[in-house]
Amino acid sequence: MFQQLFDSIQEKVTLTPAEKEICKTFFIPKKLRKKQTLLQEGDICIHNAFVEKGIMRSFFTDEKGNEHIVQFAIEGWWITDLSSFLTKSNSIYTIEALEDCELLLLTMEARENLIDIIPMFERYQRLLLQNAYIANQARINSALTETAEEKYIKVGLAYPGIIKRVPQHMIASYLGLKPETLSRVRKQISNRI
């Protein structure tokens with residue numbers, strides 16, 4: 001436990017061995033079985049979760065009962081409802097394990113205390129937020145301008161691990177496509193290879 005977290009941190013900033021030991025004390029290890037939820041729509045999000053092992057998804061259900069996946073998180077990624085986490089408002093998302101998962105949870109209070117003690121952790125968090133914002137903008141642009149085939153290819157190239165580990169109907173949901181459309185796209189791509 002903590003290896004993925006420290007690898008993620010090391011990509012952005014450097015912590016001393018002593019800072020790493022301090023850092024460990026602020027996280028709550030949590031295991032979830034497949035299909036268990038970390039956050040239920042309507043609850044207040046009290047944790048920012050780092051995925052050490054497994055894969056999580058964040059989604060909402062519309063008034064017709066259709067699920068819309070907004071995020072996947074594999075090993076080395078964070079997942080939360082940031083709006084609910086920061087504002088203490090009710091979440092519009094459910095966060096669920098797609099595989100058995102090992103998580104490291106960080107509460108807002110622990111996060112603020114950790115930042116006070118290890119200022120480099122704030123830089124790490126800021127860099128993560130910047131990258132998330134950039135990725136979100138790219139996803140919006142993709143949704144508005146790209147064909148179904150372009151979206152699928154882009155996701156497959158950027159996140160091959162997700163494509164292989166997540167059911168295709170969930171990939172379709174993430175891309176804003178109907179499962180049958182994604183099936184058609186996959187068939188067209190495979191016919192050209």
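User: Is strand β8 (residues 101–106) largely enclosed or left open by the rest of the structure, and how many of its six residues are buried?

Analyst: Keep in mind that this is a predicted model. Buried here means under 20% relative accessible area. Strand β8 counts as largely enclosed by the rest of the structure because, of its six residues, the number buried is five.

User: Okay, and which strands pair with β8?

Analyst: Strand β1 (residues 28–32) runs antiparallel to β8, joined by five bridges. Lys-31 has Glu-102 as its bridge partner there. Another antiparallel pairing over five bridges involves residues 48–53, with Val-51 opposite Leu-103. So the strands to name, going by their bridges to β8, are β1 and β3.

User: Let's move to Arg-57. Is it buried or exposed?

Analyst: Arg-57 sits in strand β4, which covers residues 56–61. Its relative accessible area comes out at 4%. The cut-off is under 20%, so Arg-57 is buried.

User: Which side chains make polar contacts with the side chain of Arg-57?

Analyst: One polar contact, at 2.7 Å, goes to the side chain of Glu-67. Another, at 2.8 Å, links Arg-57 to a second glutamate, Glu-96. Both residues also turn up in the contact list of Arg-57 beyond four places in sequence, which includes Ile-69, Phe-72 and Met-170 as well. The partners are Glu-67 and Glu-96.

User: What about pockets: which element gives the largest share of the lining of the largest pocket?

Analyst: That pocket has a volume of about 1700 Å³ and is lined by 46 residues, with Gln-71, Asn-131, Ala-132, Ala-135 and Asn-136 nearest its centre. Elements supplying at least two lining residues include α1 (3–12), β5 (67–73) and α5 (119–145). The largest share is 13 residues, and the element is α5.

User: How does that lining divide into nonpolar, polar and charged residues?

Analyst: Gln-71, one of the residues nearest the centre of the largest pocket, is also in contact with Arg-57. By class, the lining of the largest pocket splits into 23 nonpolar, 13 polar and ten charged residues.

User: And which element supplies the largest share of the lining of the second largest pocket?

Analyst: The second largest pocket holds about 260 Å³ of space. Its lining has 14 residues, and those closest to the centre are Asn-66, Glu-67, Ser-173, Leu-177 and Pro-179. By class there are five nonpolar, five polar and four charged residues. Both β5 and α8 supply at least two, but the largest share, four residues, comes from α8.

Terms used
Residues numbered from 1 in each chain as written. Predicted model: local features only at pLDDT ≥ 70, side-chain atom pairs only at ≥ 80, totals over all residues. Heavy atoms only, no water. Buried < 20%, exposed > 50% of the residue type's maximum accessible area, 1.4 Å probe, protein only. Polar contact = N/O pair within 3.5 Å; in protein donor to acceptor, adjacent residues only side chain to side chain. Contact = heavy atoms within 4.5 Å. Pairing = 2+ DSSP bridges. 1 Å grid on protein atoms, 1.4 Å probe; cavity = no way out; pocket = protein on both sides within 12 Å on 5 of 7 lines; lining within 4 Å. Points joined across faces, edges and corners; volume = space filled by probe spheres on them. Nonpolar A, V, L, I, M, F, W, Y, C, P; charged D, E, K, R; others polar.
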